[in-house]
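Colleague: I've got this model open and would like a close look at one part of it before I go on. Walk me through what you see, with cut-offs, please.

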Amino acid sequence: MAQFELLARCHTTRARVSRLTLAHGITMLPTFMPVATQAAIKGLTPQQVESLGVTLILNNTYHLNLRPGTKVLSEAGGAHKFQGWNRNLLTDSGGFQLVSLSKFTTITEEGALFASPFTGEPTMLTPEESIAIQHAIGGDIIMQLDDVVSSLTPDRARVEEAMERTVRWLDRCIAHHDLSGKKDTQNLFAIVQGGLDLELRDRCLMQMVERKDKVAGFAIGGLSGGEEKDIFWRIISQCTQKLPEDRPRYSMGIGFAEDLLVCVALGVDMADCVFPTRTARFGIALTFQGPVNLRLAKYAKDFGPIDPNCPCPTCAEGTSRAMLNHVITRETSAAQAVTIHNITFQAQLMGGARDAILNGTFPNYLRTFFANYFGDVGYPEWCVNALRSVGVDLLEGSDIKVVPGTGAKWE
Ligand SMILES: [Zn+2]
């Protein structure tokens with residue numbers, strides 16, 4: 001069973017530092033998990049990923065179940081051995097991808113019915129089947145199958161049905177996992193649903209917390225689907241206030257630097273997103289001054305590294321912005337170089353947050369980050385509101401303006 005130890009709390013915000021010990025070692029939280037969809041982070045070897053200090057990655061169950069399939073994975077001795085990854089691994093349930101990638105998925109009480117992408121035959125993914133597949137993959141953290149609906153759906157009855165069904169499916173996942181003999185090495189997380197509705201979220205939280213002793217952690221699902229950021233953070237805040245202190249909290253599908261730090265301040269411990277690695281392949285390098293679009297002509301004669309203060313091999317070994325501008329989107333080596341940098345950026349961002357929480361300087365860390373990152377374009381209003389709710393006022397003693405909307409910063 002996972003060991004979760006709280007090491008420090010921020011005296012102002014709800015941020016905390018903890019040590020999560022799983023079957024493949026220690027992962028310090030809060031952390032960002034890079035996504036290795038096909039048991040590989042695109043462009044990198046597992047050894048490269050490990051050398052960057054990453055201790056927990058995410059694999060997609062839907063993709064691994066299609067190819068290479070559970071038979072091959074079981075023969076290999078699980079996904080760790082299959083991909084040569086020695087650190088911790090989290091698998092999703094496969095449900096989200098099923099709904100987002102297949103037009104023909106129908107949700108019934110039994111499970112998700114879909115057309116097999118190989119044969120077109122009707123195929124059912126039940127909660128028990130999802131857990132069985134995740135047992136074959138062998139992830140250190142496995143996720144319950146949940147009934148996912150778009151956060152933008154106006155159909156409250158459907159959101160309510162999905163939330164209640166997610167609780168029932170959690171019970172089926174717990175029952176199947178309990179009987180499996182895998183409980184010593186694999187840890188089941190529940191997923192809080194309920195859309196953007198505070199009352200439905202509350203009802204879900206209450207029922208999930210009642211099952212606390214049966215699960216190793218809790219995820220906040222059903223967000224990051226294009227909803228208003230001002231609602232997003234309020235839902236996160238509601239969930240982190242009601243989830244038990246002694247379990248890790250995982251906010252699914254977030255990866256922008258400002259989203260990560262706001263969520264950490266609200267009490268989130270884990271997050272994942274394809275964004276940092278996907279955007280790298282399109283030539284966007286992430287830095288503490290904001291994203292840098294290496295495709296722009298102005299970098300053709302910029303002979304400095306992406307970030308002179310970055311410890312990643314790309315920056316430390318002197319690959320210039322000009323070189324990356326020259327080969328990005330044309331040579332796979334450029335995608336690899338920027339992916340390495342972006343994974344390192346995410347790790348630096350979260351590592352910096354952990355250090356600051358331990359040192360009692362997290363509010364200052366937030367102020368410095370936001371001033372450096374958004375100083376020239378203005379603070380997104382939702383970040384100001386969210387951080388104010390936990391006692392940090394970005395505007396105090398600052399002349400940086402506030403801007404509405406997401407404030408996403410692109411050159
Ligand atoms: Zn770098």
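**Helix 6, then the listed site**

Modeller: Let's start with helix 6, where the buried residues are P127, S130, I131, I133, Q134, H135, A136 and I137. That's 8 of the 11 residues in 127–137, so this helix is mostly covered (buried means under 20% relative accessible area, exposed over 50%, partly exposed in between, with a 1.4 Å probe and protein chains only). Helices here are DSSP runs of H or I with at least four residues, strands are E runs of at least two, and both are numbered from the N terminus. Right after helix 6 comes G138, with a positive phi near 85 degrees.

Bear in mind that this is a predicted model: local features need pLDDT of at least 70, side-chain atom pairs count only at pLDDT 80 or more, and totals for chains, interfaces and linings use all residues. Residues are numbered from 1 along each chain as its sequence is written, and side-chain values use heavy atoms, leaving out hydrogens and water.

Now the site. An unreviewed UniProt entry lists C310, C312, C315 and H341 under "binding site". Those four span 32 residues in sequence, yet no two of their C-alpha atoms are more than 8.0 Å apart, so they gather at one spot. UniProt positions follow the numbering used here, feature names are shortened, and annotations may be inferred rather than shown by experiment.

C310 sits in the loop between strand 16 (292–293) and helix 12 (313–316), and C312 is in the loop between strand 16 and helix 12 as well. C310 counts as buried at 10% relative accessibility, and C312 is buried at 1%. Skipping residues up to four places away in sequence, C310 touches C315, A316, H341 and T344 (contact means heavy atoms within 4.5 Å). With that sequence filter, C312 touches I340, H341 and T344.
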